[in-house]
Amino acid sequence: MKSILLIIISSLLIVSCSENEAEIASTHFEMGEEIIPITRQQEIAPPPPPLKGNKEIVKSKIIKDGRVGLKVTNLELTKVRIDSIVKRYDAYYSNESLNKTDWESSYNLVIRIPSSNFDNLVNALQLGNGEILYKEVDARDVTEQFVDLEIRLQNKRAYLKRYQELLKKAINIKEILQVEEKIRRLEEEIESTTGTLKYLSDLVDFSTLNLNIIKKKEIKSNPEKREKISKRIKQSFTMGWHGVIDFLLLIVRNWPLWIVALLTIYFIRKFIRRKK
């Protein structure tokens with residue numbers, strides 16, 4: 001009798017444990033050896049972060065820029081010479097403008113040059129007949145910034161892959177929306193970081209040179225021609241006669257005032273005589 005009771009109790013315990021295990025398995029996400037619990041009251045737990053990779057030894061990333069000013073005597077010939085230099089060193093104009101004023105003519109040129117040809121092109125510009133007004137070269141080391149961005153991008157891509165795996169195992173709409181929002185944010189961050197890396201790579205691969213070519217113009221004095229003395233005397237008489245006519249016309253135009261003034265003087269003199 002006792003053996004029968006033990007068999008029945010053991011069977012009940014085995015069935016109960018099996019049901020609990022099935023219930024736990026239905027409310028968990030399984031990732032490799034880790035099991036992340038999911039409940040309706042809790043958000044989906046983020047996947048474990050990927051380990052940050054070690055910074056590998058990479059080629060230095062240098063951004064080189066410069067400014068050069070040239071004073072020349074022949075602007076057009078100088079521009080033709082610079083065009084040939086730009087072509088020789090596989091560079092190109094990203095901006096080109098011609099300005100003319102009363103005192104000077106100038107070209108403002110923005111040149112993009114492969115970094116390996118930057119110094120050679122600047123040296124070639126100095127070999128011409130122009131006078132160097134100024135020369136500035138700036139070099140910035142962005143190696144560390146470049147490597148950090150690459151590591152961040154690698155980590156974000158690893159996160160994205162893990163969240164995409166979680167999305168396949170989501171069991172309800174709330175969990176799906178939560179994981180999709182995480183994926184959307186990661187995709188935006190990956191796109192932004194990728195754009196920054198491309199921009200830095202472009203600045204590293206192609207240097208920028210702002211070149212200003214100036215030609216000063218000679219300011220000539222052009223004195224006005226003086227007319228002959230006889231003609232000037234004649235003009236003076238004419239202007240004087242016109243002045244007299246204008247004065248007479250002014251007197252005639254103001255005749256009421258003269259009448260009032262004469263009447264006033266008359267009555268004042270008459271009053272003074274009576275007083276005497």
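**Exercise 1. Work out how α4 and α5 sit against each other, starting from the handedness of their crossing.**

Solution. Start with the handedness: α4 passes α5 in a left-handed crossing (left-handed if the near helix is turned anticlockwise from the far one by less than a right angle, right-handed if clockwise). Before going on, a word on the source: this is a predicted model, where local features need pLDDT of at least 70, side-chain atom pairs count only at pLDDT 80 or more, and totals for chains, interfaces and linings use all residues. Residues are numbered from 1 along each chain as its sequence is written, and side-chain values use heavy atoms, with hydrogens and water left out.

Next, the geometry. The axes of α4 and helix α5 (residues 173-205) come within 9 Å and cross at roughly 155°. Here axes are lines fitted to C-alpha atoms, for helices over the stretch in contact, and angles run from 0 to 180 degrees between N-to-C directions. The two helices are therefore roughly antiparallel (angles over 145 degrees; under 35 is roughly parallel, 65 to 115 roughly perpendicular, the rest oblique).

**Exercise 2. Is Thr 143 buried or exposed, and what does its side chain reach?**

Solution. First place the residue: Thr 143 lies in helix α4, residues 143-169. Helices are DSSP runs (H or I, at least four residues), as are strands (E, at least two), numbered from the N terminus. With 15% relative accessibility, Thr 143 is buried (under 20% relative accessible area; exposed is over 50%, partly exposed in between, with a 1.4 Å probe and protein chains only). Its side chain then reaches the backbone nitrogen of Lys 61 at 2.8 Å.

Now take Glu 144, also a residue of helix α4. Glu 144 has a relative accessible area of 55%, so it counts as exposed. Measure it against Lys 61 in your viewer: C-alpha to C-alpha, the two are 8.4 Å apart in space, though 83 residues apart in sequence.

**Exercise 3. Which backbone nitrogen lies 2.9 Å from a polar atom of the Glu 175 side chain?**

Solution. Go to helix α5, where Glu 175 is found. At 4% relative accessibility, Glu 175 is buried. The nitrogen you're after belongs to Ile 171.

**Exercise 4. How many helices and strands does the chain have, and in what pattern do they follow?**

Solution. Count seven helices and seven strands. Along the sequence they read α-β-β-β-α-β-β-α-β-α-α-β-α-α. To round off the chain, buried residues make up 25% of its 276 residues.

Terms used. Polar contact = N/O pair within 3.5 Å; in protein donor to acceptor, adjacent residues only side chain to side chain.
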